[in-house]
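Here are a few short exercises to work through with the model open beside you. Try each one yourself before reading the solution.

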Amino acid sequence: MKPSDKRKFGRVDLEVTTFAFGTAPIGNIFREIDDKTADGMIQQAWDAGVRFYDTAPMYGHGLSEHRLGHSLRWKNRDDYVLASKVGRILKPKKRSEIDFAPWVNAGAFEMIFDYSYDGTMRAFEDSLQRLGLERMDMCFIHDIDRFTRGDDQPEVFKQAMDGAWKALEKLRDEGVVKAIGVGVNEWEVCHEALKQRDFDCFLLAGRYTLLEQESLDSFLPLCEERNAAVVVGGGFNSGILATGAVEGAKYNYAPAPADIMDKVRKIEAVCAEHNVPLPAAALQFVVAHPAVPAFCAGTRNEEQLRKNLDWFSHPIPSEFWADLKSKGLLREDAPTPA
């Protein structure tokens, strides 16, 4: 498998590379990245054959979109696939009055949730302005999950299905975008959205990994049935599948609990037997599912990106996957790389 390998994007007339460049880090999440580093990673990904880029207004209060558009501006627009998101309006505001957390030195805009029809249309147009590009190929309704919205989630979801959905459906019908979907942290929200509306795709963060395969029960089978594409981000479960079960390892943005640490140690033991880096197994497992055409990875520097690209191509024997299943470390029905 190579990062530059291309696959059809579900039922949509698009081909995407199996490795997608995620841009939350270049929005300065948790700590600052300078313009040179951001551009260097985008160019490095391009040189490796990556042609799928995902961004969002949320990432750095517009900074990620601005940086990505700057780095892609003089590429042939037909040579790559670009995704962004709706659900937030950005309004100019004094930096001293903005709560940027968890972003650092981000754009001078406050973020306001808006899933209405008009708000979605405005957010879509604003994103194109920040990108400085003539189109995006796909657009996701962002963060209508419990992880982000808490007890307000049911009402927010309804607003999005009534407002944002109608706006994106119109844009798709008019050929302004080719694919529309939902980008969230919970597969259950994606599942419900697919049952209610005719979505093409989903961006699912962290819920289909070496450690979590519950989405195999209902959501991913429905995606196969409907030929809906799922882009998976967060394939390292926010850290532990990259670092291993080391002290301070993170699982879903918090210290990994004992049972997760124990399972990762057991997976690491199988990795050692077959000379397979744990991160390579984590990355390649995700894109083995027929509904998952691409894995979306965000990195903080060129060295991290180089490692991800290398792990994505690392040879893994079929016996490795069989051993994981025989030891009860991977679901029997989980598709694995050929």
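**Exercise 1.** Find how strand S11 and strand S14 pair, and over how many bridges.

*Solution.* Step 1: locate strand S11 at residues 229-233 and strand S14 at residues 294-297. Strands here are DSSP runs of E with at least two residues, helices are runs of H or I with at least four, and both are numbered from the N terminus. Step 2: the two strands pair in the parallel sense over three bridges; pairing requires that DSSP finds at least two bridges between two strands. Step 3: for one such bridge, look at Val232, whose partner in S14 is Phe295.

Before going on, note that this is a predicted model, in which local features need pLDDT of at least 70 and side-chain atom pairs count only at pLDDT 80 or more, while totals for chains, interfaces and linings use all residues. Residues are numbered from 1 along each chain as its sequence is written, and side-chain values use heavy atoms, with hydrogens and water left out.

**Exercise 2.** Trace the closed barrel and list the order of its strands.

*Solution.* Step 1: follow the eight strands in the order S3-S4-S5-S8-S9-S10-S11-S14, with parallel pairing. Step 2: ignoring direction, neighbouring strands of this sheet are turned by 25° against each other on average. Step 3: now add a helix, H11 (residues 302-313), which lies across strand S3 (19-22) and S14 and runs at about 160° to S3. Angles run from 0 to 180 degrees between N-to-C directions, with axes fitted to C-alpha atoms, for helices over the stretch in contact.

**Exercise 3.** Work out how helix H1 and helix H2 are oriented to each other.

*Solution.* Step 1: H1 (residues 35-47) and H2 (residues 63-72) pack at about 55°, with their axes 10 Å apart. Step 2: the pair is therefore oblique, the class left over once angles under 35 degrees (roughly parallel), over 145 (roughly antiparallel) and 65 to 115 (roughly perpendicular) are taken out. Step 3: the contact (heavy atoms within 4.5 Å) includes Ile42 and Trp46 of H1 and Leu68 and Leu72 of H2.

**Exercise 4.** Is Gln44 buried or exposed?

*Solution.* Step 1: place Gln44 in helix H1. Step 2: its relative accessible area is 18%, so Gln44 is buried (buried is under 20%, exposed over 50%, partly exposed in between, with a 1.4 Å probe and protein chains only). Step 3: leaving aside neighbours within four places in sequence, Gln44 is in contact with Glu302, Leu305 and Arg306.
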